[in-house]
Amino acid sequence: MNILETKDLCKTYIVNKRQNNVLKNVSLAVGEGEMVAVMGPSGSGKSTLLYAVSGMDGITAGKVLFCGKNIAEMSQKELAVLRLDEMGFIFQQMYMLKNLTVLDNIILPAAQSKKNKEPRRETVQRCRELMRKLGISDIADNDINEVSGGQLQRACICRSMMNRPKMIFADEPTGALNRTSSDEVMEELAKLNSEGTTIMLVTHDVKVAAKCTRVLYIVDGNIKGEYNLNKCEGFSQMRERERSLNNWLLELGW
Ligand SMILES: Nc1ncnc2c1ncn2[C@@H]1O[C@H](COP(=O)(O)OP(=O)(O)O)[C@@H](O)[C@H]1O
Ligand SMILES: [Mg+2]
């Protein structure tokens with residue numbers, strides 16, 4: 001079953017009375033359990049696509065279906081609940097609240113969700129377990145400005161998972177990280193995916209994209225190509241995956 005589908009999705013920005021047609025009739029489908037990478041030149045519309053399909057921003061024309069529901073027909077309130085309960089977000093400009101500790105930031109979505117009926121004690125326990133898995137247990141009580149970029153990004157992953165979303169959207173989740181942190185973050189995302197969470201992420205990094213099951217290449221607001229990879233079964237295959245993906249990208253003018 002498709003968790004996400006778009007049909008002739010268009011997004012136009014109007015700036016200083018000038019139209020900028022950023023997404024032009026994008027049709028795509030993401031099946032449950034997929035891990036899709038979106039690649040393409042800077043300014044090609046990757047972030048715009050992520051915002052549009054997750055209901056963070058309105059669309060100009062076409063359709064976006066999440067679990068079969070047309071999100072354009074949902075009220076702002078319904079959309080907010082959908083985003084809170086069924087979607088997780090990891091963005092590069094990490095929206096963490098500066099007056100809360102890392103732990104309190106991570107449990108915020110759970111505290112806000114009406115679907116979540118568990119007592120705070122259990123939420124905190126679940127949060128600590130997630131933080132342990134991501135190797136950031138020791139920063140639970142730190143302020144946001146007392147942690148490194150890699151730690152903060154991992155905290156964002158924890159937060160995106162708190163309400164056990166069906167799907168995670170990530171905009172360059174490793175963009176600000178060094179190779180080691182990037183590999184660690186990707187390992188966690190791949191693990192979440194293997195446990196059933198669907199993931200759509202934007203990346204410039206072939207090594208990151210090679211861990212996904214499919215790569216969409218966007219140029220000038222259109223999907224120019226699509227590359228299917230099998231589920232990644234460990235490190236021995238990585239080189240070959242990266243090499244073949246890289247060749248494909250080069251053919252597309254990467
Ligand atoms: N909020 C906005 N208002 C107006 N124009 C925007 C906005 N967001 C993005 N754009 C424009 O849309 C185009 C695509 O941007 P974006 O989706 O951020 O590209 P990418 O993520 O692929 O680098 C760019 O020309 C950008 O200037
Ligand atoms: Mg972007």
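At what angle do α5 and helix α6 pack, and how far apart are their axes? In this predicted model, α5 and α6 (residues 179-194) meet at an angle of about 10°, and their axes lie 10 Å apart. Because angles under 35 degrees count as roughly parallel, α5 is roughly parallel to α6.

## Helix pairs

Two packed helices are described by the angle between their axes and the distance between the axes. The table sets out these values for two pairs of helices.

| Helix pair | Packing angle | Distance between axes |
|---|---|---|
| α5 and α6 | about 10° | 10 Å |
| α3 and α4 | about 120° | 10 Å |

The contact between α5 and α6 is formed by residues from both helices. From α5 come Gly150, Gln153, Arg154, Ile157 and Met161, and these meet Ser181, Val185, Glu188, Leu189 and Leu192 of α6. By class, this contact of α5 with α6 holds five nonpolar, three polar and two charged residues.

The second pair consists of α3 (residues 102-112) and α4 (residues 120-133). With an angle of about 120° between them, α3 and α4 are therefore oblique to each other. The crossing in which α3 passes α4 is right-handed. On the α3 side, Leu103, Ile106, Ile107 and Ala110 take part, and they meet Thr123, Val124 and Cys127 of α4. Six residues of the contact of α3 with α4 are nonpolar and one is polar, while none is charged.

## The six-stranded sheet

The model also contains an open sheet of six strands with mixed pairing, arranged in the order β6-β7-β8-β3-β9-β10. Why does one side of β6 and of β10 lack a neighbour in the sheet? Both β6 (87-90) and β10 (222-228) stand at the edges and have a single partner strand each, so one side of each is left without a neighbour. On average, neighbouring strands of this sheet are turned by 15° against each other, when direction is ignored.

At one edge, β6 pairs with β7 (residues 167-171) in the parallel sense over four bridges. Within this pairing, Ile90 has Ala170 of β7 as its bridge partner. Helix α5 (residues 149-161) packs on the sheet and touches both β6 and β7. The direction of α5 makes about 170° with that of β6.

Further along the sheet, β3 (residues 35-39) and β9 (residues 214-219) run parallel and are joined by four bridges. Ala37 has Val215 of β9 as its bridge partner.

The strand β9 also pairs with the edge strand β10: six bridges join β9 to β10, and the two run antiparallel. In this pairing, Val219 stands opposite Asn222 of β10. Together β9 and β10 form a hairpin with two residues between them. Asp220, in the turn of this hairpin, has a positive phi of about 50°.

## The surroundings of ligand 1

Which residues lie around ligand 1? They are Tyr13, Val15, Asn20, Val22, Gly40, Ser42, Gly43, Ser44, Gly45, Lys46, Ser47 and Thr48. Three elements, β1 (2-15), β2 (18-31) and α1 (46-53), give two or more residues to this shell. The greatest contribution comes from α1, with three residues. By class, the shell around ligand 1 has three nonpolar, eight polar and one charged residue.

Notes. Residues are numbered from 1 along each chain as its sequence is written. Chains are lettered from A and ligands numbered from 1 in the order in which they are written. This is a predicted model: local features need pLDDT of at least 70, side-chain atom pairs count only at pLDDT 80 or more; totals for chains, interfaces and linings use all residues. Two strands pair if DSSP finds at least two bridges between them. Axes are lines fitted to C-alpha atoms, for helices over the stretch in contact, and angles run from 0 to 180 degrees between N-to-C directions. Two residues are in contact if their C-beta atoms, placed from the backbone, lie within 7 Å. Angles under 35 degrees count as roughly parallel, over 145 as roughly antiparallel, 65 to 115 as roughly perpendicular and the rest as oblique. A crossing is left-handed if the near helix is turned anticlockwise from the far one by less than a right angle, and right-handed if clockwise. Ala, Val, Leu, Ile, Met, Phe, Trp, Tyr, Cys and Pro count as nonpolar, Asp, Glu, Lys and Arg as charged, and the others, Gly among them, as polar. A residue is near a molecule or strand if its C-beta atom, placed from the backbone, lies within 6 Å of it.
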